[in-house]
Amino acid sequence: MDRTSLDFIYEWNPDYEKDRSKKGIAAVVDIRMPLYNDIELDYQPYVNDDTRIWQAVYSIMRRADTNTFELGEVGWLDQMWFGVNYSRRTYFQNGRWWTGFKAGIVHERDPYSFASLSDYRVPLYSSVDPYREYGSNEGWWTVGLLQAGYRYSELDFEISVDAGVYADGDPGGTVTFMRRWDDLGIGLWATRTSHVPEGQDFTNSGIYLEIPFDTWRGTRSKHIWRQKARIQGWFDAYSGREADWWQGPDQLWGQLNPDRLLNNLYKELEQGQSMAKEMKYSMQEGGNTYVP
């Protein structure tokens, strides 16, 4: 089984030095053109043979005070949702502890349209009527989650907890364990809501991956490939849902952690010393008398 697609990605990062009013602002457009797909999953109708906007987001970040940051994103938030994401966090003890909340107003996208919103509830099971009406909210749902986390700096390992109401109106919470190597991350997550499948401990659970595009291309990019791989046999596809981020709070603010900044500084110094030694040996072997 295989899925292959081609993404056309444009990132807009204004020159903050020329216009300080645009500090904290960025945007991205990601259009995905499927090339080959022989995997069909009912709960992933958006992964099909149609060319679609995979993500198109306008992002703005600001610093509320010394330890508090705010982030907002609006647009086609991911392959499933259109709307607005908002996050606010306050950090303590050099960023090891943090608390905050996430809020959002989202609408399901039509999985077979380039950019349109869905006129009916998107069926995530083959047995679900594809023409179910939305209701009085006309398909617009709200998300509200209180959040807290702790980061073990020696390993760049973080535990975070979310609790509140998800997009389908179901109350619950999520626990995430994340290990990072700069922007590269791998972790485990588990969500439990008011809708737990019979015989299961959680509504949904799995492995979470974050791989920056810098891994494959030489230029700097803010784009990160994110993937949730479920490890739970049966789950409720209509529970515990929320929209994804283009540049999430962890990506933007995690690097500002003093412990991580110090570690990155040491790495840069070591790399600089290594380059200097290589230049020195190269000049010695070449017969150059100038050796610093």
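Let us start with the aromatic rings in this predicted model. The count of aromatic pairs comes to 11. One of them joins Tyr-86 and Phe-101, and this pair is tilted, with 5.7 Å from centre to centre and 50° between the planes. Where do these two residues sit in the chain? Tyr-86 belongs to strand E5, residues 81-92, whereas Phe-101 belongs to strand E6, residues 97-108. They are 15 residues apart, and the pair links distant parts of the chain. Tyr-86 has a relative accessibility of 25%, so it counts as partly exposed. Phe-101, at 32%, is likewise counted as partly exposed.

A second tilted pair is formed by Tyr-125 and Tyr-238, with 5.8 Å between the ring centres and 55° between the planes. Here the separation along the chain is 113 residues. Tyr-125 is in the loop between E6 and E7, and Tyr-238 is in the loop between strand E12 (224-230) and helix H1 (249-253). Is Tyr-238 buried or partly exposed? Its relative accessibility is 12%, and therefore Tyr-238 counts as buried, because the cut-off for buried is under 20%. Tyr-125, with a relative accessible area of 22%, is partly exposed. To close this topic, Trp-76, Phe-82 and Trp-140 form one aromatic cluster.

I turn now to the interior. As background, nonpolar side chains in soluble globular proteins tend to be buried together. In this model, the largest nonpolar core has 23 residues. Which of its members touch the most other members? They are Met-80, Trp-81, Val-106, Leu-124, Trp-141 and Ala-167. Strands E2, E3 (52-63) and E7 (140-152) each supply at least two residues of this core. E7 gives the most, with three residues.

Val-106 deserves a moment of attention. Leaving aside neighbours within four places in sequence, Val-106 is in contact with several residues, including Leu-77, Trp-81, Phe-82, Trp-141, Ala-167 and Ala-243. Apart from the largest core lies another core, of six residues, among them Phe-69, Leu-71, Tyr-91 and Trp-245.

Next, the surface. A nonpolar patch of about 820 Å² is made by Ile-159, Val-161, Val-175, Phe-177, Trp-181, Leu-184, Ile-186, Leu-188, Ile-207 and Ile-231. Which strands supply at least two residues each to this patch? Those strands are E8 (157-165), E9 (171-181) and E10 (184-193). Val-161 is in strand E8. The relative accessible area of Val-161 is 39%, which means that this residue is partly exposed.

Let us also look at a residue in a loop. Pro-14 lies between strand E1 (3-12) and strand E2 (25-37). With a relative accessible area of 12%, Pro-14 is buried. Pro-14 and Ala-26 are 12 residues apart in sequence, and their C-alpha atoms are 6.9 Å apart in space. Not counting residues up to four places away, Pro-14 touches Lys-22, Ile-25 and Ala-26.

Finally, the chain as a whole. The secondary structure comes to two helices and 12 strands. From the N terminus on, the strands are followed by the helices. Of the 292 residues, 40% count as buried. Among contacts between residues at least 6 apart in sequence, 51% join residues at least 24 apart. The chain exposes about 16700 Å², and carbon and sulfur atoms supply 56% of that area.

Technical notes: Residues are numbered from 1 along each chain as its sequence is written. This is a predicted model: local features need pLDDT of at least 70, side-chain atom pairs count only at pLDDT 80 or more; totals for chains, interfaces and linings use all residues. Side-chain values use heavy atoms; hydrogens and water are left out. Patches are made of residues with over 30% relative accessible area and no salt bridge: like charges are joined within 9 Å, nonpolar side chains (Val, Leu, Ile, Met, Phe, Trp, Tyr) within 5 Å. Accessible areas come from the Shrake-Rupley method with a 1.4 Å probe; for residues, only the protein chains shown count as cover. A salt bridge is a side-chain nitrogen of Lys or Arg within 4 Å of a carboxyl oxygen of Asp or Glu. Helices (H or I, at least four residues) and strands (E, at least two) are DSSP runs, numbered from the N terminus. Buried means under 20% relative accessible area, exposed over 50%, partly exposed in between (1.4 Å probe, protein chains only). Contact means heavy atoms within 4.5 Å. A nonpolar core is a set of buried Ala, Val, Leu, Ile, Met, Phe, Trp, Tyr and Cys residues joined through side-chain atoms within 4.5 Å. Rings of Phe, Tyr and Trp (its six-membered ring) pair if their centres lie within 6.5 Å; planes under 30 degrees apart count as stacked, over 60 as edge-to-face and the rest as tilted.
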